[in-house]
Amino acid sequence: MTSWTNDELNRIGGADELRIASLRRDGTLRNPVIIWVVRVGDDIYARSAYGPAVAWLRGTQVRHEGRITAGGVEKDVIFQDADAAVNDQIDDAYRNKYRRHGAQYVNSVITPEARSTTIKIVAR
């Protein structure tokens, strides 16, 4: 496993959207899906606004590997369950980054159900 460079963190954290594609069991990438992404410290996080049943999130739980693209960065990654202790910081990051979209949309990623889907995206 490698870590993110400062440039990658800045570019991914500053991007409005992230394309996420998980690996299937056979090792091929699924079609990428566009989601919101936030940076907290030196870590990158994503959540499902629609709960745990969405296909992109379920895909991250099959092999816990995939590829992301955001801010001009394309990187192979590992998907990990996030530590619930950082959920409040992640909520704040979503509020600050996406507030221009309105509370209706931001609130969808800070509900208890959305918080339960938080994944940490780790460079590999």
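## Reasoning about a predicted model

Tutor: In this predicted model, the protein carries 18 positive and 16 negative side chains, and the centres of these two sets are 4 Å apart.

Student: Which side chains count as positive, and which as negative?

Tutor: Lys and Arg count as positive, Asp and Glu as negative, and His is not counted, so histidine 64 adds nothing to either of the two sets.

Student: What makes the protein as compact as a globular protein of its length?

Tutor: Begin with the elements, which are five helices and seven strands, running α-β-β-β-β-α-β-β-α-α-α-β from the N terminus. The radius of gyration is 13 Å, and the globule rule gives 14 Å for 124 residues; the two values are close, so the protein is as compact as a globular protein of that length. Along the principal axes, the C-alpha atoms fill a box of roughly 40 × 35 × 25 Å.

Student: Why is arginine 25 called exposed?

Tutor: A residue is exposed when its relative accessible area is over 50%, and arginine 25 has 70%, so arginine 25 counts as exposed. Arginine 25 sits in the loop between strand E1 (18-22) and strand E2 (33-35), and, leaving aside neighbours within four places in sequence, it is in contact with Val62 and Arg63.

Student: Why is histidine 64 called partly exposed?

Tutor: Partly exposed covers the range between buried, under 20%, and exposed, over 50%; histidine 64 has a relative accessible area of 35%, and therefore it is partly exposed. Histidine 64 belongs to the loop between helix H2 (55-60) and strand E5 (65-70), and its phi is positive, about 60°, although histidine 64 is not a glycine.

Student: How many residues of the protein count as buried, and which residues touch the most other members of the largest nonpolar core?

Tutor: Of the 124 residues, 42% count as buried. The largest nonpolar core has 33 residues, and those touching the most other members are Trp4, Ile12, Ile68, Tyr94 and Ile121. Helix H3 (residues 87-98) gives this core its largest share, four residues.

Student: What does tyrosine 94 touch, if residues up to four places away in sequence are not counted?

Tutor: Tyrosine 94 touches several residues, among them Trp36, Val38, Tyr45, Val106 and Ile110. For the protein in general, among contacts between residues at least 6 apart in sequence, 70% join residues at least 24 apart.

Methods. Residues are numbered from 1 along each chain as its sequence is written. This is a predicted model: local features need pLDDT of at least 70, side-chain atom pairs count only at pLDDT 80 or more; totals for chains, interfaces and linings use all residues. Side-chain values use heavy atoms; hydrogens and water are left out. Helices (H or I, at least four residues) and strands (E, at least two) are DSSP runs, numbered from the N terminus. The radius of gyration is taken over C-alpha atoms; the globule rule is 2.2 Å times the number of residues to the power 0.38. Buried means under 20% relative accessible area, exposed over 50%, partly exposed in between (1.4 Å probe, protein chains only). Contact means heavy atoms within 4.5 Å. The place of a charge is taken as NZ of Lys, CZ of Arg, CG of Asp or CD of Glu. A nonpolar core is a set of buried Ala, Val, Leu, Ile, Met, Phe, Trp, Tyr and Cys residues joined through side-chain atoms within 4.5 Å.
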